[in-house]
Amino acid sequence: MARRDDRDDRTGDPDPDAGREPERAPVTDLQAFAVQLRRMNGEINRLVHGFAGEHGLHATDVQALAAILDAPEPLTPGRLREHLGLTSGAVTACLDRLERAGHIRRVRESPDRRVVHLHYVPDAKSAARAHFRPLAEVTASVRSGFSEDELSVVLRFLTEMNEHLSGVRSPGR
């Protein structure tokens, strides 16, 4: 039986790659980003589904609550529909569930009585904060290991990703 050593089988010359580590893609390659973004998305979804289950909601309802919470001004059902990419009927059903569960209230506070603004109920907001506190604590802990300059780059990356992703639509939509 022939023994393989560090020589090329055809020429008998030493294998120039013998003992060398195989080349690896840079840690900043697209695959590495994709893996970590999917993993983070999965972990956050796990927390979202836990909150939804505890409150008798759908995961989409929790996305709606986050959109209402994060909006710089009160959302309307139409703007929420655009944000979530849902039909008008689906948004109405979602808002009905959220209102019945005591998470939001619909308010007609505009001179145009047809305009409805969505507000997160303070007590419900407190319940959400309590549920997602571990996420905030982990975020604070991880942030403490980075310099302000590094955090600035990370935040800029996440902001740009969200800006660009907001314009991406699934095929057929």
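H131 sits in helix α5, one of the helices and strands taken as DSSP runs (H or I of at least four residues for a helix, E of at least two for a strand) and numbered from the N terminus. The model is a predicted one, so local features need pLDDT of at least 70 and side-chain atom pairs count only at pLDDT 80 or more, while totals for chains, interfaces and linings use all residues. Residues are numbered from 1 along each chain as its sequence is written, and side-chain values use heavy atoms, with hydrogens and water left out.

Back to H131, then. With a relative accessible area of 19%, H131 counts as buried; the word means under 20% relative accessible area, with exposed meaning over 50% and partly exposed in between (1.4 Å probe, protein chains only). Its side chain reaches the backbone nitrogen of F51 at 3.4 Å. That fits the cut-off for a polar contact, a pair of N or O atoms within 3.5 Å; within protein, one must be able to donate a hydrogen and the other to accept it, and residues adjacent in sequence count only if both atoms are side-chain atoms. Setting aside neighbours within four places in sequence, H131 is in contact (heavy atoms within 4.5 Å) with L47, G50, F51 and E54.

The helix around H131 is not straight. Helix α5 covers residues 122-143 and spans only 28 Å between its end C-alpha atoms, where a straight helix of 22 residues would span 32 Å at 1.5 Å a residue. The expected span is 1.5 Å times one less than the number of residues. At F132, α5 bends by about 55°, and a proline, P134, follows within four residues; the bend is the angle between axes fitted to the seven residues ending at a position and the seven starting there. Along with H131, the buried residues of α5 are A124 and A128. These buried residues pack against α1 (30-54) and β2 (117-120).

Helix α2 tells another story. Its 12 residues should span 16 Å at 1.5 Å a residue, and the end C-alpha atoms are 17 Å apart, which agrees. D61, V62, A64, L65, A67 and I68 are the buried residues of α2, and they pack against α1, α3, α4, β1 (104-107), β2 and α5.

Three of these residues are worth a look. D61 lies in α2, which runs over residues 59-70, and counts as buried at 0% relative accessibility. A polar atom of the D61 side chain lies 2.9 Å from the backbone nitrogen of H58. Beyond its neighbours within four places in sequence, D61 is in contact with C94, R97 and L98. A64, also in α2, is buried with a relative accessible area of 0%. Not counting residues up to four places away in sequence, A64 touches L80, L84, C94 and L98. The C-alpha atoms of A64 and L80 are separated by 7.1 Å, with the two residues 16 apart along the chain. As for L65, its contacts outside the four-place window are F51, L57, L98, H103, I104 and Y120.

L65 also turns up in the largest nonpolar core, a group of 22 residues in which L65, L80, L95, L98, I104 and L118 have the most contacts. Two or more residues of this core come from each of α1, α2, α3 (77-84), α4 (88-100), β2 and α5. The largest share, 5 residues, comes from α2. A core of this kind is a set of buried Ala, Val, Leu, Ile, Met, Phe, Trp, Tyr and Cys residues joined through side-chain atoms within 4.5 Å.

Zooming out, the chain has 6 helices and 2 strands, in the order α-α-α-α-β-β-α-α along the sequence. Of its 173 residues, 18% count as buried. Among contacts between residues at least 6 apart in sequence, 43% join residues at least 24 apart. The accessible surface comes to about 13,200 Å², with 53% of that belonging to carbon and sulfur atoms; areas follow the Shrake-Rupley method with a 1.4 Å probe, and for residues only the protein chains shown count as cover.
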